Structure formats: structure tokens, C-alpha cells
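Here are some worked exercises to go through with the model open in your viewer. Try each task before you read its solution.

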Amino acid sequence: SRVFCAMRKDHYTQKPDNKGSGHLHVKFTFIILFGCLLQIYAKGLSQTVTLSENKASLESVFKKIKKQTGYGFVYTNYVLQKANPVTVHISNASIEETMELCLKDQPLTYSITNKMISISEKKPSVEAPLKTMELATTITAPPIAIAGKVVDENGAAVQGASVVVKGTTIGVSTNEVGEFKVNVPDNKAILVISSVSFETLEVPVGNQTVLRIPMRKSQEKIEEVVVVGYGTQRKVSVTGGVDVVKTQALQGRPNVNVTQALQGTAPSLIVQQKSFEPGQGANINIRGVGTLGNNDPLVVIDGIIGGDLNLLNPNDIESISILKDAGTAAIYGSRSANGVILVTTKKGSKSDKGTVTYNGIVSAVHPHIWPKAVPGYENMILKNEAIINANTGQVPTYTPAEIQAQKDRGDYEWFLDEILKDAIQQNHNLSISGGKDKSTYMISAGYMDQQSNFVGPKKGLRRYNFRMNLSNEVGKLKFTTILAYTHTDINDHSFNTGTLIVDAERTPKYYQQKDSLGRYLTNDVLTEFNPLGILEKGGYRQYDNDNIFGSINADLEIFKGLHLKGIFGANLTMNHQYYKTDYVPFYPKGQYGNIAGSSTGDANDKNLYTNPQLLLEYSKSLGQHRITAMAGVTNESYTGKSNKVGYKYASPDLGLQIDTTKASLDMNSLATTPQTTTENSLNSFIGRLSYSFADKYFAEFNFREDGSSKFAKDHRWGFFPSISGAWRLGMEDFYAASDIKNYINDVKIRASYGSLGNQNVSNYQWQTTYFTFANAYGFNNNVVTGAGFNTANPDLRWEVAQTFNIGADLTFFKGKLTGSFDYFHKLTKDILMRPPLPGTFGGGQVDFNVASVKNRGWEVSLNYNTSGRIFRHSINFNIGDTHNEIVKMADGKPQINGLEELQVIYAEGLPIASYVGYKRDGYFQNLNDIKNKPKFSGLDVVPGDISYKDKNGDGVIDDQDRFVLGNPFPRYTFGFNYTLGWKGFDLGIFIQGVGKRDFAIRGELVEPFHVNYSYVMFEHQLDYWRPDNINAKYPRLAVGGSASNTNNYRKGSDLYIFDGAYARLKNVQLGYSLPSNVARKIGMQKCRAYLTGQNLLTVTKNSFIDPESTEFDNKLNAGNGANSGRLYPTSVYYGFGLDLIF
Amino acid sequence: CKKLDLAPTNNYTDLNYWTSADKANLVLNTDYNQMTDVTNVFYNEALSDNAYNGRGDAQGVNSISAGIYDPALGRLKSEWGYHYQGIKTTNVLLENIDLVPNMDAALKARMIAEARFLRAFHYFQLATWFGDVPYFTKNISIEESRTIARTPRAEVIANVLKELDEIETVLPVNKQYTSKDVGRISKGAVIALKARIQLYESNWAAVVTECEKLISKTDNGTYGLFPSYEGLFLPQNKNSVETILGRGFVPLDVTHGEFIDFVPLSIGGRVNAMAPTQELVDDYLMANGKTIREAGSGYDESNPYVNRDPRLGLTIVYDNYAWKKPDGTTATIKIKPGSNTLDEYKSGTSSSPTGYYIRKYYDPTSGSTFASGNDVMLIRYADVLLMYAEAKNELGQMTGSIWGTTVGAVRQRAGFTGAALNFNAAWSKTDMQNIIRRERRAEFAMEGLRIFDIRRWKIAQTVLNGTVHGAKFGDSGVDNGYIIAGKRSFDPTKHYLWPVPRDERGLNPNLSQNPGWN
């Protein structure tokens, strides 16, 4: 034992305790030495032994040990006769060390069970007569000799079981055939038989002298508990749809934040990574999009509403409960229609004497660039072809000589490759946790450094997490105190990532980005600036953000079963941004920034969220009846304030306004507190009543009444009740008696119905508001301010989702396989949405309660665990599907609105935001087709142009021929997790994907030379129509502005709808853990090292775009139109990690 | 805990907004802000035969001029929505201004009149593009906007004229405004707009009536020709004697930035998004007043830019042009292929597709970003003079004296001398019509007016069909060596009116469609 922490742990054993309680009566303080060492001072009985004996009898040594430690000894006189005198000099040694030394040269061995040390011969003989010898302190009465055998359920001997006479220290342990002999004081004696992994048994001796004692394997006695709204529930009694994601599912993956980590862990939990850029979040959605507005689920961290998943340290998480249906979510009332994610962070455990955990991953992050540009000379030929095909009389751009010269010279590095490089990502986490009888602690520190793949000065995200979770008991009062601090530093470039990517992507390989003189070059595509110059010299945006999350939870037990809880939670976010945009000259022309000086500015914002709660809980068991009731009041208040200031013409080096005559305030970048303050408030009454009988029948009622400042007085309050019930069929006697029980060991059926609300709309919308804006107009060079207005909707009211859920939980093959099945039906009424408004209205968008939407879906989750002699397998598979349909538009009329090439429709009978456009029907292959097939009026088509389906058969293609082409919602989302264990090795494979999706893509990735903005052809576009390739994927080439281009690319057809199904090998891990005895020798409980890889392989039908990217915006608003794929590239990780527990 | 009755602190509400004239005035400022989209004003030139949009589809002008657009074109929707946005601002102001306590009656009357003018201006533009459009003068609800039908074009125009008649007497003349208010709608602007509306209706007598209110008298405002044609478009001369209606800007704070895509690339242009055509260049007179094809014009095709209308060189940049730089020096703009400059013509690249660039309205103070604080004139006095000349000629009342005060004066100010200024009594009405039309084209080139003239003269099917030409840098075997920059197409059976935007009809099924569109 060379590692101090570990040695302390060994020494920190328990004293014998007649009450059988596992509580420790030790007080401790702790200090942190060199960040990892935990020192514990124990008072009272020592857990260590100090001896100085010369040739003493073994028996006397045992007495001394007993006196110092309280450990009892069990041995026979016969055994002790074989003992030699003992010479031993030890100080502060552990029991084990002491025993090793004492028995070093003896023919004896020892074992420790329940503070009882049994001494036996090294080569024991069952024939030998057994006699029990009592120790000095035990009673001396006429004993009754009892002989017995301890067996398990199958009759096999249980060896080493402890047999103790209750109320005394008389005890023996069973030998290798399970037999024991013991003398008991009288026939009233009771034998307590205990053994690891068996249920402890008490056997009255009575008149028997020979006993055969069968023991039962112990069941998991600690009941699994699930975190639900405002409390926890025993897992068996959960009546609603809850998925619990255990912390193991998040481990070993180089995830930047919790949202990323949740991907694929639960059915119908859809996580879409919009961008892999450091600092960018992911979209998270539960059971599809039920509303037309903000679809973010409600996030509740440690009971406090409104935290940010992306600021949490993934390593701090104990469990995540995902509440999906009314039965579980209605307690969150107006906030819960999109589902609820309950995060519980780790707490210390009273029985943990102190654990130090380190987790770390270091990964290389490789940018995966999806599209591939054709070689430069080929690009020239194709561009010429597109110009000639346009048939406008324009001459081709490149002469044959120029093309040949390019071919001879070869390509420059493609700009997109040139601005991206490999980067490093690191996550390190250290935590210390433990506890004793009245208190527990968990303290952690995390560090995450995610470098950007962009070239230039160091960019990326660094996050520092600190957390302290403490619990203390003072009499009947129990406090839980949580304090978490997160600091995030983000270094970003000064421009717009989408533009940098698309600029680089659209430039052919015959242009160079930087010349040998180090000048940044502009060209015919990028005429003002290039991305490399901006990334390397153009300045930056720096964010340093602080978040403090704290809560105090006081629980007073008024009398047994009645608890009063007061909770105060606050989430304070303080963000600061400083930007500096520097001048970068380009050659032969163009510039970035301003030659007169840099633009600099600061922006600060401060948001305070408070959430006080007062809850009264009562629980009571009467026989097999269990009742729990809870009622409470809560408030949520939010205040956001910000300010900003900006300067133009600052010095480029320090950003100072040196030349005060030149430096000037940027009037467009100023804001003070009154202009930026926003507030909202929500008052709520909540309640829950649940009843169960015999753990077979369960019923629950939940409600919440919410009043929100977001609605006018008359529409302010909403009542959201739910009922749910479950039946544990598997516990019924008739089921237990049936044969099915052998295959399906347990069955629970559950159902719930209730209403959930949604108030995800902006503040103050029920009142018309007027805002001012600077620089509205100039009268004779005098600048004036303008005022605008936001139209009110005083009728704005709650959106309500009526949700029905039915599900079953099944256990097969003696617990090896468990499965959950759910079906749900959700009808969302008065959906809040910003409907497209006619231009004639003349005003900006307003939220309205516009429609009713039906969501139906199902989920399956399967878990299989088996441990064979050699291999351990664990398989988890989940899949879910959701399908939505608008059942009613408020005014009965469909709303159709154009978005880029396609149109989006909201109409009864169709999914939300369905795409509308033309359907392709091959190509015009020849003049005959052109003469006979229907066309758009006014467009002269040629062979190779797309021919469209004439829906109404009137011979022309027009608006009447549009079809519904699909919708952006992913279906059949699935996750598959397989782990394989073999000795110390473990292999984990995690696959995640989407089974069906209409993926709307537009822009240069679809259309060659997109509206003449792009100059690049990509390899995937080469399958275009030519006379020798008449069944091509894409139509003939023709630049923008031509009739062909208009017919093929401007008309909005299913050309823009792609198959978005995919499967991604999200994570692979190969780990090795040292055997525990080896680990112990180097002072650890656990030592695991692993290799991990993320996003290694993707199976998709579209080679040119990440299938995980999405048309949804970051609020999951549908109807944003197609995805242009102008994205920071997908990150592929190759990492090495360590998990150490001391 | 907060209360649930939260009033915004960052915004006003109905309860506390309409409390002062100053706050009401902020809404009027917004109305001015929404008066006209100058980006459209500039790019509209490429809807006509004066210019060509060769890269991208700025403001939809490429699609429209190629005749390959349909009701889904974004420009249609944005044009429609833009005007109704301005109309709403006027309606909100008019519905609430009475709530302002103790407001000065004269100020209130003036503000109402200004707002009504701006609303009328929007309806006029809407009716010009789309024909029949929904007409209303109150703040309509969303429900109404989903059901309102189109009002016949003639009725819209009649309403607009009636509105203008009513406010004409309320508004002050331009000289009555104090310096900080110069640029507000004046009586003269009302009259000039009426003249333009009547012109577009070919109501010649009414044009004459309105123009005569402004020519050679000062009761309705003091106007004249600014002495320098070049100076007229420079920021230091904004709100000159010639401005009747303008869109106001202020350097650095309220700017417009179209010229970054108009000027030669060597001057700092980003790309060329709009370039003058050979057809426009050819229509400029010779300095002697003759057209280039006329006998004795002295036109030399190999040296085409000499001895021309002085306005040519102040409007259009051609090969070997001496570009006057802000510091007073000049840069020679080389466009001819082989000159190996950024401005060199090369098909399919970001340089000019016609071999010409734009100079007129270039703001030398706008710096490298080309964000200009110069005002954009929407109606200027020269227009009143040429409207008057045209109306008089159409009425058969053209005389040497009228010629002298109109076309002659305009030409003189442009820098013509001698014969070009003379009236020829032998000219027929048609000759005079051609002369006036050509004069309008040259005088107002790149000011966004040509497309409206083409449409009211009903000559679109002639001038907006076929090849768009550029300078003589092309294949000598084709079109005599003039660049073929692109093609235009105009179908007179449907293109004289823009279609009602598809989305508008998708959201309001009561909106009918123009003939030939669906």
C-alpha cells in the first residue's frame, strides 16, 4: 500500500456494532493534498492495531487485538494447540496485516466475516473433532452442541458462511462442505447465518441438534428509484412513460456536452447535431415535433427548472430521466408539452468512505469534409459547357489553351481543405465523494478543451466546471446544498462560419488562397476577401461566460411520513463578449474590416432565474396499501438585462482608441439596460396523489395550475391534470402459477392520460409594443430615430396537448432480457405559432393559437445482459417513431408559403411544414418529348431538361401540378449499444441513426454553379444529363439566368428532396481494466484505459452532406426551408481515455 | 417572485406610447424610412434596356428581364410586402395621432398630410406594377388581410389622386421648411407626384396643369435646374434647387451601398451586378445634337465615346475612361480584352458583362465600403420639365418657347451648346416624341425611371425582346462584334403587369390574378 489514499481507505474499517447498523460514528474533516489525497481522522475505536509482543501465546495476542479493534475471534482449542508463540512488532497496521504477521509461521489461516475472524488449520480435516472455545468475555453456561450444514437453494454447500449465536459473540464459519458445529447456551438460542450474496437467516435452535439450513440468494435489496417531477419514485411504481439514462451510457465518449451525449440513449429522444463547431449546441427533441413553435423540452436540473444542458459537466451526472407522457410530465404543467428532461447530479453516499475518481479523454479531432471538388481543369470544361448550354449567346469563359495550361500546372489546395486542420480535444474530470451518517459530499472539477478545426490563431471552447453537492442532517431537518459554477471561454473568428465555409467551398482548385509573398489573394469568385485571410488575420470574438447554479433544499420531517420541503434554486448567467474586427488587405483587390482601424466592442448580459418551491409530502403504508401525496406552490421568475458598446477605428494592435479624433462610437452597437430588459414570471400550484396496493396495482393523479405573465389576464391561468395507472400482472398469483411465468417473468402494464401545456412564446405579446430604432432616416443630413411596433395578440392563450400513453414493461429469461413498449397519442390544441402572414397585412409576425396537431408514435426499448463463463454481453436497442398531422387549422384554410425554391404548407391532413413542389418525370430526351410533354409556359426547354408530372393533365405545368413532397421530421430514430466484456477487456459499439427522413437540400451542393454564385462542380454532381447519359441523376448543365436553369433548378421540385436515412457508428470503445487485485496493489479500486473513436463511419445515401445536419433551426421550428449544408465539418474523433478510481 | 402583470421596460405599449408629439413623430420617421427601397430604384434600371444584371438575380431583375419568372419570384413578394408595410405605418399613425394630448394643430395637420402622401406614393407604385391591388386606409387586422380582395387599378389611382388633392393645400412649400426639416414632403412634391401619375395615365392635360404649377413660379415651391449635371448627383449638393422628392440619407449612419457592385472592379467593386448596355450608349446624342446613325453625326464606331452628349461620360464608364478619384487624381479604366486588368471584359466572370460600368451617383465620399450618405432623388425638376414637354407635344401644343424652357434648358444644363439646343419647327409630333423620349432616357439613365417609361409607352415588346449587347469586344463574326451579354424576353399579353405573388394568393384566396398568369 504505497498510495496514501488507498491505504487510508483500508484502515478505515468499521467497528462492531450490535445494532447491525452500517452507520459510522466517526467525525471527519478533510483536506485536499496535491488535489487528490483525502485524509481521515477517526476517533474512538481504532481500526488499526499496534502490538509489541515477544513469544506471546496466540490466544493472548487475539485478546489484545479484540480489545483494540472490537473484532471477535472464532477458533477451536484443537486448532490453537497447533499454534506457536508469536513475536510481532507492529504499529497502526490493518487487521489483515496484523493477522498475516501473527499467523506468518503458523499452520493456521484466517478469514474475516462480519467483524468475526475465524481461525482454521491450513490443511483442515473434517474428521477432526470440533470444539468451540469461548473468548474471555463470552458467557460460560452448559452448552448444547449443534451440528449443521448450510446449503443453497440447489442443495450445494455454502462454504465460509458465518454462524453466530444471536446476542453473543459465539460464532463459527462453515467449512468447505458447508458444515459447522457450534455450542449454544440453551434451546432458546437463535442462530444467525449470513453469507455474502445470500439473505441473512435466523434459525431458532429449539430441540434440534442437527440442522440443515437452506439459504436463499439475496435479491437486490436496494430498490431502484426513478427521479420524477418534484421527487423520486420506486421504479416498480412508475405509471407513466419515463426513460432513465444511466451515467454509464455517457461514459468514455468524447462528448462536448450533455446534449451530444444523450444521442441514441433513449427511444424517441432525437438529438440533431446542427454544427460541430465549438460552442454550438445540438437540437434535442422528445417524441417529435408537436408544436409549431419552440419544441425544446423543459430542462430541470436537480429539481430547478431552466438550466442549460450544454453547461453541465457530463461526468457530474448521476442519471437523466426523460418524462414523455402526461402521467409523468403533467406535474410540470404549462412547460411540459415538449417533454421534460430531469437531470440529477451525483451525490456522495453515506457508505462511501471517500472515493477519488479521475476520468480523462484526449482525442484528435479530424474534420470530415463531405463534398469533393473536381480538378481545376475539369471545372473549367464544365463551366464552359454550362455557359454554352445556357444558350444566351454568351461565349465560353475559358479557352482550350487556358484549360490545357491549368491541367499542366495542376491544382492548388482546395480552399476548404486549406482552412481546416486537425485539432485536439481534451476532457479531464476529477471528483471526490463520500459521506458518513449525517452528511455526504461530492465535489468535482472538470476541464474541457475543444479546439476548433479552423486554421489561424487558436480558436475553440474551454469549459471549467466546479460542483459541490452536500447533504447534511440536523435532527429532523435534512439539507441538500448544490453549488455549481461553470466558466466557458470561447475564441471565435470575427466572421460568419457559414460564409467562410461556403466561400471556400465555392472556389475552384485553379485559384490560390495565399501567394509566396504571404499575400491573401482574391479572385473572380471571392472578389473581396478570402476565408484564410479572415481566419488568420481578421480578428476575433471572445466570449467569457459565467454560470452559477445553486439550490438549497431543506426537508423537515414533521412526523413520520410527513415532510415539508422548501427549495430555493437560482441560475445566474453572466456572459461577456469582446470582439475585434481587424483590417486585412487582399491582393489584387478587396479588404476585410476597415483600413481606418479596427472595430471593437463589448456586450454583456446578465440573466437571473429564480425558482422557489414549497412542497408538503406525505407517505403512509398500511398493510399492503401505500399512499403518497404531495402538494406545493412554486414560482419561476426571469430577468434578463444586457448592454453593449462598440467603437470604430480603434488601433489594430491593442484595440485602443488612440487617436480620439478618429475613433468613434458605433451607434448601431449601443444598448443600455432599459432597452434590453426582459422579464417573465410564472406562478404555479402543483399536486400529486398516488396509491398502490401490494405492489400490484398503482394509480396516480397529478395536476398543475399555472399562471403566466406571457398571457393577458383573461387567458393567464391554465390547469393541467393527468391520471395514470399500472398493473403488475406478473405479481398476480394466477400468473405466477402459469407456464408463461417461466418465459416472461414479469409484466407491468401502464397507461396515462392528461393535458400538458406550452407557453414557449415571446414576452409581452398580448400588448402592442413600440420600440425605437436609431438611424431611421435623414432629413438634410440630420439623423432621426424611428419607432416600430409589434402587433399585439390579446387572445394569445395556452397551447394544450392532450396525451394518452399506454405501455408495458416485460422481463424475460430470468431478468436477462427486459423490454419496454409504448404507444402514444397526443392531440395538441391551440398550437402556438407565428403563421406566415399576407404581405397585405403589412406587419411583423405574431404568435397565434392556430391549429390542432395530432402526434402518434410508438417506442421499443430492449436490454439484454448475460454473463457467461468467458464473455459478458450487454445489448441495448431502442427505436421510436412519431408521425404528426395537422387535424385542424383555426380558420380552416391551408397556409402555403414559399421558402427558397420549395414551398411549405400547413394544411389539415398533412404533417406540419410539409414541402410542396413539382414531381419530376424524367427528362425531355428529344424534340418529340419537347413537342408533346407538358411544360411551363414561357420556358423554352431542350433535351436534358427536367420534365415534370402534369398532375391535372391539362397539358401545361403550373401551380395546379404541385405535390406534397415530404416533411422534415425524422422517423424510426434508433440507437444500438453493444458491449462485450472478456476478462479485463471491454468493447463498446454504439450505432445511432434515422430510418426515414425527407431531407431538403439546396444550394451549390445540389445545383452546379448555384445561381452563378458558385464556380465549383462537385464530384457527386458529375452524373448529369448528357446525350450519352440520359438517365442521369441531375439534369443538363446550364448556368443561372437561362431557361434550362430556371426549368430545372428554380421551380422547386423533388430534385431538392433527398433520402435522409442513415446509420452512424457513433462510438467505438476498446478498454482494459486492471484486475482488481492488481489495481488494489497500486492503490486503486479501478483502473481502466481505453481507446475511443467517434463518428467513425456513416452509412448514408448522400455522400456530400452530413445526414445529421438538419433543416430545423435551433428552436426546432419547422418550416425553415432546405438545408444548404454550409456547415462546419463533421468532427471525427480518435481518442485515448483513462478512468481511475482510488 | 415577480408579479404576473409585467409591463415591458424595453418597449412602450399602447398605454404609454401616444403621449407626446415627439413619440408620434418617431412613427412618422419610420414612415419616411419605408418610403422607397432605393436598391430597387437602382436595380430597376436592369429591368429596362438601359442596363443588364449579369451575375446573380439581384432584386429579381435578371429573371424578369429574361421573361422566365413566375408568381413565385421573391422580388414580387418583397415589392408587394414592402409597400403594404409602409401603408400600415401610415394607417397606425393616423389611427392613433388623435390620442396625443395637447398637440399643436398645425403640426398635427402637417404630419397627417406627410403620412398620407407616403401612403399614396405606395399605392401608386403598387398599382403601377400589379394593376389591381387591395386598397384600404385603415389599419387592417390579420383576418382582413386574409380575405381582402383587389380594388380595380383605376379606382386605386383615382383614390390616390384624391388623397393628393386633399393634402396639397395642407403642406408647406419647400422653402418654408427650416433646415432640419428640409427633405420633408412639401406641396411641390405632391404636385410633382400628381404630374407623374397623370403622365403614367397619359392624361396629358392634367400633366400640363400640374407641371405648370411648378414651372416658372414659386407659389408652390422654388425649383430650378442645378447648374451642373455632374454636381447634381454628388452628396454635397443634396437637396439642391432641383430636388422635389428624395429619399434622405446621412453619411455613416443612414446609408445605401449598391455601388460596390456597380463601379469598376479596380476601383474596389466587389463584382459587377449591373452594367449599362450598348443600346443605351448608342442612344446618347452626338454633341452636335444628332443621333449617331444620323447623317453628318460625325460618329466614329472605332472611337465611339468622343463628341457625345456630355452626360454619357458622367453616367457610364467605358474603355479608357478617366475615372476621377476622390483625391482628385484620375485612374484609367481599361476594359478591352487583353488589357490584363481587373476590369477587363471576360465572359462569365465577375467583371462587367457588357464592357461598361456605372459612374452616375457614385459617391466619392463613400470610401471603400461604398456606403453612401447621399440622398436619392425620386422626382427632380428636370423631370417636371420633360413631363411638361412630353404632354405639350402629345397635346400638339409644342412650341419653340416651350422647347427652350424644357428640352433646351435640360440640354443646356447638361453641357450641350450650339445646334443641339435649337428648336426645329419642321419636326413632326412623332419626331418630337422621339426626341423627348430619347432625352428622358439620357437625362434619367441609371435613375430607375426608364422601365416605367417603356411600360407606359407600350414599347416593351420591341425594346425588351432579344439580345442584350455590350461594347464591341465580342466575336467579330457575330452581331458586328458587339458583346452578346444575354437575352431578354417580353410577352405583351402578360408582362405589362406583374403577377400577384404566389404566396399572397396562397395566404389570401380572395386575391385574383392578372391575365396570363396563374
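Helices and strands here are DSSP runs numbered from the N terminus, with H or I over at least four residues for a helix and E over at least two for a strand. You're looking at a predicted model, where local features need pLDDT of at least 70, side-chain atom pairs count only at pLDDT 80 or more, and totals for chains, interfaces and linings use all residues. Residues are numbered from 1 along each chain as its sequence is written, while chains are lettered from A and ligands numbered from 1 in the order in which they are written.

**Exercise 1. Loop residues with positive phi**

Task: find where B:Asn480 and B:Lys458 sit, and decide whether each is buried or exposed.

Solution:
- Start with B:Asn480, in the loop between β10 (466–469) and β11 (484–488) of chain B. Its phi is positive, about 60 degrees, although the residue is not a glycine.
- Next comes burial: a residue is buried if 20 or more other C-beta atoms (placed from the backbone) lie within 10 Å of its own, exposed if 12 or fewer, and partly exposed in between. B:Asn480 has 10 C-beta neighbours inside 10 Å, so it counts as exposed.
- Now B:Lys458, in the loop between α17 (450–457) and α18 (460–463) of chain B. Phi is near 55 degrees, again positive in a residue other than glycine. With 11 C-beta neighbours inside 10 Å, B:Lys458 counts as exposed.

**Exercise 2. A buried threonine**

Task: work out what surrounds A:Thr259 in helix α5 (residues 258–262) of chain A.

Solution:
- Count first: 22 other C-beta atoms lie within 10 Å, so A:Thr259 is buried.
- Then list contacts, meaning C-beta atoms, placed from the backbone, within 7 Å. Leaving aside neighbours within four places in sequence, A:Thr259 touches A:Val271, A:Gly281, A:Ala282, A:Ile284, A:Leu309 and A:Asn310.
- For a C-alpha check, take A:Leu311, 52 residues apart from A:Thr259 along the chain: the separation is 9.8 Å.

**Exercise 3. Two helices crossing**

Task: describe how α8 (residues 153–168) and α9 (residues 187–200) of chain B are arranged.

Solution:
- Fit lines to the C-alpha atoms over the stretch in contact, and take angles from 0 to 180 degrees between N-to-C directions. The two axes come within 9 Å and cross at roughly 155 degrees. That makes α8(B) roughly antiparallel to α9(B), since the class covers angles over 145 degrees.
- Look at what meets: residues of α8(B) including B:Ile157, B:Leu161 and B:Glu168 face residues of α9(B), among them B:Lys187, B:Ile191 and B:Lys194.
- Sort the contact residues, counting Ala, Val, Leu, Ile, Met, Phe, Trp, Tyr, Cys and Pro as nonpolar, Asp, Glu, Lys and Arg as charged, and the others, Gly among them, as polar. You get 9 nonpolar, no polar and 3 charged.

**Exercise 4. Across the chains**

Task: size up the A–B interface and find a strand pairing in it.

Solution:
- By contacts, 77 residues of chain A meet 79 residues of chain B. Strand β40 (residues 769–779) of chain A gives the largest share of chain A's side, 9 residues. That side divides into 27 nonpolar, 42 polar and 8 charged.
- Strands pair if DSSP finds at least two bridges between them. β40(A) and strand β1 (residues 12–13) of chain B run antiparallel, joined by 2 bridges, and A:Tyr770 stands opposite B:Tyr12 in β1(B).

How values were computed: Contact = placed C-beta atoms within 7 Å. Parallel < 35°, antiparallel > 145°, perpendicular 65-115°, else oblique.
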